[in-house]
Amino acid sequence: MESRVACTACGKWMFHLAQTCPHCGVPRAGAAAPAPAPPVEVRAPVKKLELSAEEARALLAATAPSAEPRIGDVVADLMLPRSGGVDLVLTLVALPVTTLTVLVLGYAVLQAMRKKLPINLRGARLLAVPTSAALAAVLLLRNEADAGAWVALGVSLTGWFARDLLRARARKDPFA
């Protein structure tokens with residue numbers, strides 16, 4: 001059987017299973033009538049949700065953040081002060097350790113991206129700084145650094161730890 005037939009109205013060729021001619025739109029002779037279209041269900045219009053700015057902020061505060069933290073979130077949490085002069089001073093004191101941490105995390109994320117591995121930064125905010133400080137301590141020990149370098153590392157790590165404790169105390173319950 002041939003896969004194309006001539007249209008009875010215009011004479012142009014069309015596919016043998018076509019219900020209507022694609023050129024002139026006339027139903028093909030011998031073709032079954034097309035099935036009627038299903039009825040369209042009419043729905044009531046949806047009411048638009050209106051929130052005030054205060055309600056929107058409360059909703060954003062109450063919703064859980066995404067499960068996977070991003071590198072930008074971790075860097076911002078490590079490097080930027082949140083509020084108050086004490087937090088600013090402790091952020092500056094912790095800057096050497098947090099800078100090393102950001103460099104190590106950035107290198108690890110780049111390596112994972114090159115190897116197309118999944119990037120898991122869960123716990124990076126708390127575990128990366130002590131781990132990077134331990135790496136710095138190993139480097140200082142291997143290079144036989146003087147006491148000043150050890151004191152600087154200790155002060156920087158203590159500043160980060162104090163800042164983290166201060167931030168943990170300042171966290172507020174969004175439902176309170």
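A salt bridge, in what follows, is a side-chain nitrogen of Lys or Arg within 4 Å of a carboxyl oxygen of Asp or Glu. The pair I wish to place at the centre of this presentation is Arg 167 and Asp 77, whose side chains meet in a salt bridge with an N to O distance of 3.3 Å. Arg 167 belongs to helix α6 and Asp 77 to helix α2, so that the pair links distant parts of the chain, 90 residues apart. Please bear in mind throughout that the structure before you is a predicted model.

Let me first give the overall setting. The protein contains 6 helices and 2 strands. Read from the N terminus, the order of the elements is β-β-α-α-α-α-α-α. Of the 176 residues, 19% are buried. Among contacts between residues at least 6 apart in sequence, 50% join residues that are at least 24 apart. The accessible surface amounts to about 13,500 Å², and carbon and sulfur atoms account for 66% of that surface.

I return now to the charged residues. How many salt bridges does the count give? The count comes to 3 salt bridges. One of them has been introduced already, namely Arg 167 with Asp 77. Asp 77 also forms a salt bridge with Arg 82, and here the closest N and O atoms are 2.4 Å apart. Arg 167, for its part, forms a salt bridge with Asp 87, with the closest N and O atoms 3.4 Å apart. This pair, too, links distant parts of the chain: Asp 87 lies in helix α3 and Arg 167 in helix α6, 80 residues apart.

Are these charged residues buried or exposed? Asp 87 counts as buried because its relative accessibility is 2%, and a residue is buried under 20%. Arg 167 is likewise buried, at 5% relative accessibility. Asp 77 has a relative accessibility of 14% and therefore counts as buried. Arg 82, by contrast, stands at 47% relative accessibility, so it counts as partly exposed. For the pair with which I began, then, both partners are buried, Arg 167 as well as Asp 77.

Taking the bridges together, at 5% relative accessibility Arg 167 is a buried residue. Salt bridges that share partners join Asp 77, Arg 82, Asp 87 and Arg 167 into one network.

The next residue, Leu 80, is in contact with one member of that network, Arg 167. Leu 80 is located in the loop between α2, residues 71-79, and α3, residues 85-93. Which residues does Leu 80 contact, leaving aside its neighbours within four places in sequence? They are Val 75, Thr 91, Arg 163 and Arg 167. Leu 80 has a relative accessible area of 48% and is therefore partly exposed. The C-alpha atoms of Leu 80 and Leu 92 are separated by 9.2 Å, the two residues being 12 apart along the chain.

I turn next to the surface. A nonpolar patch there is formed by Val 89, Val 93, Val 151 and Val 155, which together have about 310 Å² of accessible area. The elements that give two or more residues to this patch are α3 and α6, the latter spanning residues 147-170. Val 89 is in helix α3, the helix that also holds Asp 87.

Two loop residues deserve attention for their backbone geometry. Lys 116, which is not a glycine, has a positive phi of about 55°. Where does Lys 116 lie? Its place is the loop between α4, residues 95-114, and α5, residues 124-142. With a relative accessible area of 74%, Lys 116 is exposed. Glu 144 also has a positive phi, near 50°, and is a residue other than glycine. Glu 144 is found in the loop between α5 and α6. Its relative accessible area is 71%, so Glu 144 is exposed.

Finally, a word on the aromatic residues. How many aromatic pairs are counted? The count comes to 0 aromatic pairs. There is, however, a charge placed over a ring: the charged end of Arg 4 sits over the ring of Trp 13, 4.4 Å from the ring centre.

To close, I would direct you once more to the salt bridge between Arg 167 and Asp 77, two residues that are both buried.

Key
Residues numbered from 1 in each chain as written. Predicted model: local features only at pLDDT ≥ 70, side-chain atom pairs only at ≥ 80, totals over all residues. Heavy atoms only, no water. Phe/Tyr/Trp six-rings, centres within 6.5 Å; stacked < 30°, edge-to-face > 60°. Lys NZ or Arg CZ within 6 Å of the ring centre and 35° of its normal. Helix = DSSP H or I, 4+ residues; strand = E, 2+ residues; numbered from the N terminus. Buried < 20%, exposed > 50% of the residue type's maximum accessible area, 1.4 Å probe, protein only. Contact = heavy atoms within 4.5 Å. Patch = residues over 30% accessible without salt bridge, like charges linked within 9 Å, V, L, I, M, F, W, Y side chains within 5 Å. Areas by Shrake-Rupley, 256 points an atom, 1.4 Å probe, with all protein chains shown as cover.
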